[in-house]
Amino acid sequence: MNCERMDTRLIAYLDGRVNDAERREVESHLAACRACRTRTEEFRLLWGVLEEVPMQEPSPGFDAGLRARIAAEPPRPSLWAWLAPSPRLAVAVSLLLLLSVYISSRPPARVQDPAAPPTDAEFRMIKDLPVLENYDVLANFEALSELPPQPAKDNKEM
Amino acid sequence: MLDVKAGDDASFELLLHKYRTPLVNFLNRMVRNPAAAEDLAQEVFLRVYRARKQYAPNAKFTTWLFHIATNLALNALRDGRCRQMEVSLDQPGHPGAEEPAAMELPDRGPSVEQQMIARDRAAVIRAAIHALPEKQRAAVLLHKYHELDYDEIARILECSESALKSLLFRAYETLRVRLAPLVTPPMA
């Protein structure tokens with residue numbers, strides 16, 4: 001073992017947490033290396049010195065302060081808490097109900113009876129349907145271009 | 001802790017009674033501010049109380065407890081919440097100012113002079129520990145003062161056991177040099 005390997009073994013050796021083989025290896029190196037022997041001894045002394053720092057008791061108000069902080073904790077939601085409606089949800093559901101009642105209470109919109117006779121505008125559209133269907137043919141029919149332009153409807157009515 | 005999980009408040013009191021002193025001491029040595037240390041220790045217990053229902057005994061309770069405490073202390077140090085009590089290694093001579101005398105356990109027996117010497121030595125040691133990098137400091141405190149196993153400390157500090165042994169070695173080596181006047185081998 002060299003001095004570098006001692007770096008990783010020394011703490012466990014001083015703690016007594018090495019196996020027999022490791023302990024023999026460390027002790028063999030310590031017997032041969034004065035620097036590591038000195039360091040090991042100083043580590044032992046250091047650990048003793050560190051114990052000179054006394055433990056301190058918490059202040060008398062520690063427990064009371066902790067209990068006050070625990071008491072100030074918001075209550076944890078229970079398993080069934082999710083079933084209780086929140087105010088926002090309750091308002092939203094109420095508004096939705098009111099809206100549905102209002103819509104259902106309105107008179108139904110006038111639905112055109114398919115059996116009712118067609119109006120004048122519908123009749124004209126039906127009458128012009130063959131023309132509309134053949135629009136492309138009529139648009140390219142040269143004979144129609146000879147017709148005089150039709151006067152504006154407004155002028156005609158005047 | 002399993003009793004606490006089951007809702008036994010008396011068991012929580014037992015945990016509090018058993019761990020409050022080690023926890024306050026650990027945190028005080030980490031942040032070197034008694035008021036902040038107590039505040040952080042209360043926060044640790046509060047978190048334990050909040051998480052009691054979810055507690056799973058995957059690791060030792062002490063590992064969990066000191067893991068929370070270490071993280072809180074490191075966060076507090078990084079946020080600068082504990083700076084007002086930091087003392088330079090060059091000015092170690094104000095032990096009374098660092099920690100209130102009222103919190104010290106009374107020493108019975110030694111003379112006033114011996115008490116003053118002991119107090120001065122303790123102040124120097126505290127200052128040397130506090131001057132260590134945060135992770136080394138936590139490792140030394142958990143190893144030396146709370147006697148946790150390597151695997152526990154490694155889990156708390158989130159490193160491997162071999163990395164922890166190197167960390168401890170470097171920390172003790174630094175302390176050995178800084179506290180050399182106190183660490184004097186007996187004359188052969």
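Which residues are buried in α3(A)? The legends below take up that helix and several other spots in a predicted model.

**View 1. The two chains as a whole.** This predicted model pairs a chain A with 10 helices and 0 strands with a chain B that has 9 helices and 0 strands. So if you read chain A from its N terminus, you meet α-α-α-α-α-α-α-α-α-α, a run in which each element is a helix under the DSSP-based naming used here. Chain B reads α-α-α-α-α-α-α-α-α along its sequence. Of the 158 residues of chain A, 8% count as buried; for the 188 residues of chain B, the buried part is 38%. In chain B, 68% of the contacts with a separation of 6 or more link residues 24 or more positions apart. The predictor gives the complex an ipTM of 0.78 and a pTM of 0.67.

**View 2. Where chain A touches chain B.** Here 27 residues of chain A are in contact with 33 residues of chain B. On the chain A side, the elements giving two or more residues are α1 (3–15), α3 (34–50) and α4 (62–71). The largest share, 8 residues, comes from α3(A). Sort the chain A side by residue type and you get 16 nonpolar, 4 polar and 7 charged.

**View 3. A close look at α3(A).** Now for the opening question: the buried residues in this helix are A:R39, A:E42, A:F43, A:L46, A:V49 and A:L50. Looking down the axis of α3(A), you find these buried residues within an arc of 120°, so they line one face of the helix. Turned away from that buried side is a face carrying the exposed residues A:R34 and A:G48. And what covers the buried residues of α3(A)? The cover includes α1 of chain A, together with α6 (112–130), α7 (134–145) and α9 (161–178) of chain B. The length of the helix works out too: at 1.5 Å a residue, the 17 residues of α3(A) should span 24 Å, and its end C-alpha atoms are 24 Å apart, which agrees.

**View 4. The largest nonpolar core.** In soluble globular proteins, nonpolar side chains tend to be buried together. The largest nonpolar core in this model has 57 residues. B:L27 and B:A139 are the residues with the most contacts inside this core. The largest share of the core, 8 residues, comes from α2(B). Zoom in on B:L27 and, leaving aside its neighbours within four places in sequence, you find it in contact with B:A37, B:L40, B:A41, B:A69 and B:A73.

**View 5. Helix α4 of chain B.** This helix covers residues 61–79, and at 1.5 Å a residue its 19 residues should span 27 Å; the end C-alpha atoms are 27 Å apart, which agrees. Its buried residues are B:W64, B:L65, B:F66, B:I68, B:A69, B:T70, B:A73 and B:A76. What do they pack against? The partners of the buried residues of α4(B) are α2, α3, α7 and α8 of chain B. Just after α4(B) comes B:G80, with a positive phi near 80°.

**View 6. Two loop residues with positive phi.** Most residues other than glycine have a negative phi. B:R32 is not a glycine, yet its phi is positive, about 55°. You can find B:R32 in the loop between α2 (9–31) and α3 (34–50) of chain B. Is B:R32 buried or exposed? With 23 C-beta neighbours inside 10 Å, B:R32 counts as buried, because the cut-off for that is 20 or more. B:E158 also has a positive phi, about 55°, although it is not a glycine. This residue, B:E158, sits in the loop between α8 (150–157) and α9 of chain B. With 11 C-beta neighbours inside 10 Å, B:E158 counts as exposed, because that label goes to residues with 12 or fewer.

**View 7. How confident the predictor is along chain B.** The mean pLDDT of chain B is 83, and 79% of its residues reach 70 or more. Among the elements of chain B, α7(B) has the highest mean pLDDT (96), and helix α5 (residues 95–98) has the lowest (42). Over residues 86–102 of chain B, pLDDT stays under 50. For that stretch, residues 86–102, the model has 25 contacts beyond four places in sequence.

How values were computed:
Residues numbered from 1 in each chain as written. Chains lettered and ligands numbered in written order. Contact = placed C-beta atoms within 7 Å. Helix = DSSP H or I, 4+ residues; strand = E, 2+ residues; numbered from the N terminus. Nonpolar A, V, L, I, M, F, W, Y, C, P; charged D, E, K, R; others polar. Expected span 1.5 Å × (residues − 1). Arc of directions from axis to C-beta. Core = buried A, V, L, I, M, F, W, Y, C linked by C-beta atoms within 7 Å. pLDDT = per-residue confidence, 0-100.
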